[in-house]
Amino acid sequence: MLDKQSPIPIYIQIEEQLKQQIQQGDFPIGAAIPSERELTERFDVSRMTVRQSITNLVNDGLLYREKGRGTFVASPKVEQPLNGLTSFTEDMQSRGMVPSSKLIGFEILEPDSDIAEELQLADGDKVYFVERIRFADDKPMAIERTYLPVGRFPNLNRDSFQGSLYAMIENEQQLKISRATQRMEAGLVKKEDADLLQIKPPAAILMIERISYLADGQPFEVVRSTYRADRYKFTTDIKR
């Protein structure tokens with residue numbers, strides 16, 4: 001029941017009740033919640049109040065809407081801290097999820113000038129271009145487009161990218177990964193990426209570019225990733 005004498009706004013009380021029901025499993029992942037009309041009658045409030053509550057839960061990633069069908073409980077977002085350098089495989093395994101990849105592109109090519117500059121390549125140097133869809137528990141999470149210098153890794157092939165790239169570099173290549181710089185921004189998914197990620201445009205995405213370095217200070221990787229914003233969120237510890 002709502003406490004209409006409380007200083008807490010009614011729409012927040014409704015949010016909290018719905019959130020509690022989701023957490024308790026009354027509404028399992030993928031299940032539809034009651035319609036706005038049903039919730040309006042249940043709580044004896046205006047439809048505008050109910051709509052505000054639902055919109056806030058959608059914005060928080062707990063619910064998602066499908067036009068003409070209703071509002072459904074979303075899968076929990078994977079939370080990745082930004083204060084450590086881990087591979088996608090390591091990150092998913094640390095959460096008890098099963099990581100996997102689908103290789104959709106592999107070729108050797110001459111890089112664009114910005115990639116060549118970021119990898120500190122000379123004129124004529126080639127790179128591997130590797131395109132993979134990354135999955136957690138068989139659900140698509142991200143598309144990774146990776147550039148690696150052929151001169152640093154002369155013997156790679158398609159089979160080299162079936163598992164963790166970082167494990168391959170450190171265990172098979174016997175190289176030490178040291179650090180990375182990373183840039184992040186929000187955007188809207190492109191049609192071709194939406195199909196690969198199994199989302200409907202226009203959907204929000206997180207775009208991340210990472211430049212990773214070996215212990216000798218040389219960059220060995222540029223990776224441009226497109227993450228599903230409805231499945232992923234990033235956290236960091238900030239100290240004054």
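1. A good place to start is Asp44: this residue follows helix H2, and its phi is positive, near 55°. Please keep in mind while looking at it that the model is predicted.

2. Now step back into the helix itself. Which residues of H2 are buried? Helix H2 runs over residues 36-43, and its buried residues are Glu36, Leu39, Thr40 and Phe43. These four cover an arc of only 105° around the axis, which puts them on the same side of H2. As for what lies over them, the cover includes helix H1 (10-24) and helix H3 (47-59).

3. For the wider setting, the protein has 7 helices and 10 strands. Its radius of gyration is 22 Å, whereas the globule rule gives 18 Å for 240 residues; the value is well over the rule, so the protein is more spread out than a compact globule. You can also look at the C-alpha trace, which spans about 70 × 45 × 30 Å along the principal axes.

4. What about burial and contacts across the whole protein? Of the 240 residues, 43% count as buried. Among contacts with a separation of 6 or more, 59% are made by residues 24 or more positions apart.

5. Finally, a look at the surface and the charges. The accessible surface of the protein comes to about 13,800 Å², and carbon and sulfur atoms account for 47% of that area. The protein carries 32 positive and 37 negative charges, and the mean positions of these two sets are 5 Å apart.

How values were computed. Residues numbered from 1 in each chain as written. Predicted model: local features only at pLDDT ≥ 70, side-chain atom pairs only at ≥ 80, totals over all residues. Heavy atoms only, no water. Helix = DSSP H or I, 4+ residues; strand = E, 2+ residues; numbered from the N terminus. Rg over C-alpha atoms; globule rule 2.2 N^0.38 Å. Buried < 20%, exposed > 50% of the residue type's maximum accessible area, 1.4 Å probe, protein only. Contact = heavy atoms within 4.5 Å. Areas by Shrake-Rupley, 256 points an atom, 1.4 Å probe, with all protein chains shown as cover. Lys, Arg positive; Asp, Glu negative; His and termini not counted. Charge placed at Lys NZ, Arg CZ, Asp CG, Glu CD. Arc of directions from axis to C-beta.
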